[in-house]
Amino acid sequence: MRTTLRPRRTAVTLTALTAVAALALAGCGGDADKDKGEPAPDRDLSLKGEKIEVAAVWTGPEQENFTKVLKEFEKRTGATVTFVPAQDPIVNFLGTKIAGGAPPDVAMLPQVGAIQQAAAQKWLKPVAPEVKSQLAANYSRGWQELGAVDGTQYGVYFKAANKSLVWYNTAVFEGAGASEPKTWKEFLGTAETISASGVTPVSVGGADGWTLTDWFENVYLSQAGPAKYDQLAKHEIKWTDPSVAAALKTLAELFGKPALIAGGPTGALQTEYPASVTQTFTGGDQPKGAMVFEGDFAAVNIAQTKAEIGKDAKVFPFPKVGDGGTAPVVTAGDAAVALKDTKGAQALLAFLASPDAAKIWAAEGGFLSPNKNLDPAAYPNDVQREIAKALIGAGDDFRFDMSDQMPQSFGGTPGKGEWKALQDFLKNPKDVAGTQARLEADAAKAYKAAAKG
């Protein structure tokens, strides 16, 4: 995260997203273009007898859908690919495997900081020319640079996410006479309207600290602006900065009203992310929560209910915060990296960089690809199709998830650092100054350790 070649990562400033989402929800999908990327690799590559291990933290539907991608690679090459379930944080998991002399061939890293940390430890192998060819043909420069460290390409961003969406139960909105809010003030007003109708308005998956970092990042980007966002992401300003206090006070306008949160703060802290989604779309017009904030990948969990996306479950962009702010869009992603410089590992990276690989998971839903040559028709509904078009249409004008840019010990570890501080803040949103002090102390320690390597 401290390279001079760091790209502009950041919550995608997709100014067109609001209009795009509106069109999507109205069922207005465009005609799909044909894939125009490099021919998908490995159609004639024989890797018969070669065994490849791929480690990732994915579980449930995500693991199942990724396994379908790996099965297609096996079919094309004759290789045997084994999915290795990894614990979070995955860098610690990989460190243990490497110390034991048994690293996987490929790993899916969910944080930019994890790529940089693994590269600093000299665990990663640079991508082969055939992988670079796929990246050059199918990815914008920004997405390529996210997988590079000091100019060396290590990662292939296979799965992306738009983490600035609020999904809502249409039956509840209709029953309460509520409409989609465009500003934070309107969002709070909508929440009060829904609460008055007898339904708790907001479902929060506070048991998973990363959802709370996403809440903070969206508010902070919109309210403080891109320049401050970049500075805080690199720890060029401290967490005790007034801009952080302002964002926390804004969040407290929601977190400080227990009646607006499903189960109140205590219940939210016991609710894991998947349940925060499914409980929003279970129970008809009397769910535990009417709205749930999170990315396009929430579609996977919605599919586990009886709700139909675009009918029972709709989405609006995260509301604009402040008078001068813009509606934010925060992106994230999972990058494939090679820990062994083998023919099989490089072939798998090349395949994952192709439209063919992305198409397989896209068809299953709950997936967004940064591959610009993936045919939009691959997505299963207009909502996801239009969100994907907006991401690709942004080109390089985007910002990446802030916590994913930070040292993993601070921005990506359960029960520690930012995750824990924001969970404590959800429990006690009046303690703005104390929360800032803890965030800064933990951040300073993490960045100091990261600088030492």
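Which residues line the largest cavity? Select Ser 203, Val 204, Gly 205, Thr 211, Trp 215, Tyr 273, Ser 276, Val 292, Phe 293 and Glu 294 to see its lining. The model on screen is predicted.

**The cavity**

Keep that selection. The space it encloses has a volume of about 40 Å³, and a search of the whole structure finds one cavity of 30 Å³ or more. Colour by element next: helix 9, helix 13 and strand 9 (291–293) each give two or more residues to this lining. By residue class, the lining of the largest cavity divides into five nonpolar, four polar and one charged.

**The largest pocket**

Now select Val 57, Trp 58, Glu 62, Trp 210 and Tyr 273. Of the 36 residues that line the largest pocket, these are the closest to its centre. The space in this pocket is about 940 Å³. Tyr 273 is already familiar, being listed in the lining of the largest cavity.

To see where the pocket wall comes from, show the elements that each supply at least two lining residues, among them helix 2 (60–77), strand 6 (156–162), helix 13 (273–278), strand 11 (331–338) and helix 20 (417–427). Then pick out helix 9 (209–224), which gives the most to the pocket lining, with four residues. Coloured by class, the pocket lining shows 15 nonpolar, eleven polar and ten charged residues.

**The nonpolar cores**

Select Phe 66 and Trp 167. In the largest nonpolar core, which has 87 residues, these two touch the most other members. Helix 15 (residues 343–352) supplies the largest share of this core, seven residues. A second core, of 55 residues, lies apart from the largest one; Val 204, Ala 233, Ile 261 and Phe 410 are among its members.

Go back to helix 15 and display its side chains. Nine of its ten residues are buried, so the helix is largely enclosed by the rest of the structure. The buried ones are Gly 344, Ala 345, Gln 346, Ala 347, Leu 348, Leu 349, Ala 350, Phe 351 and Leu 352.

**Aromatic pairs**

Show every Phe, Tyr and Trp ring. A search of the whole structure finds 28 aromatic pairs. Zoom to Tyr 168 and Phe 316, a tilted pair with 5.8 Å centre to centre and 40 degrees between the planes. Tyr 168 is in strand 7 (residues 165–169) and Phe 316 in strand 10 (residues 313–317), so to find both in the sequence, look 148 residues apart. Both Tyr 168 and Phe 316 are buried.

Why does the pair of Trp 239 and Phe 410 count as edge-to-face? Their ring centres are 5.6 Å apart and their planes stand at 65 degrees, so the pair falls in that class, for which the planes must be over 60 degrees apart. Trp 239 lies in the loop between helix 10 (226–233) and helix 11 (242–255), while Phe 410 lies in helix 19 (residues 408–411), so the pair ties together parts that are 171 residues apart in sequence. Trp 239 and Phe 410 are both buried.

Next, select Trp 184, Phe 187, Trp 215, Phe 255, Phe 293, Phe 318 and Phe 425, which ring pairs link into a cluster. Trp 215 and Phe 293 also appear in the lining of the largest cavity.

**Last stop**

Select Lys 159 and Trp 361. The charged end of Lys 159 sits over the ring of Trp 361, 5.5 Å from the ring centre.

Key:
Residues are numbered from 1 along each chain as its sequence is written. This is a predicted model: local features need pLDDT of at least 70, side-chain atom pairs count only at pLDDT 80 or more; totals for chains, interfaces and linings use all residues. Side-chain values use heavy atoms; hydrogens and water are left out. On a 1 Å grid over the protein atoms alone, a cavity is a set of points where a 1.4 Å probe fits but cannot get out, and a pocket is an open set with protein on both sides within 12 Å along at least five of seven lines; lining residues have an atom within 4 Å of a point. Grid points are joined across faces, edges and corners, and a volume is the space filled by probe spheres set on the points. Ala, Val, Leu, Ile, Met, Phe, Trp, Tyr, Cys and Pro count as nonpolar, Asp, Glu, Lys and Arg as charged, and the others, Gly among them, as polar. A nonpolar core is a set of buried Ala, Val, Leu, Ile, Met, Phe, Trp, Tyr and Cys residues joined through side-chain atoms within 4.5 Å. Buried means under 20% relative accessible area, exposed over 50%, partly exposed in between (1.4 Å probe, protein chains only). Rings of Phe, Tyr and Trp (its six-membered ring) pair if their centres lie within 6.5 Å; planes under 30 degrees apart count as stacked, over 60 as edge-to-face and the rest as tilted. A charge sits over a ring if NZ of Lys or CZ of Arg is within 6 Å of the ring centre and within 35 degrees of the ring normal.
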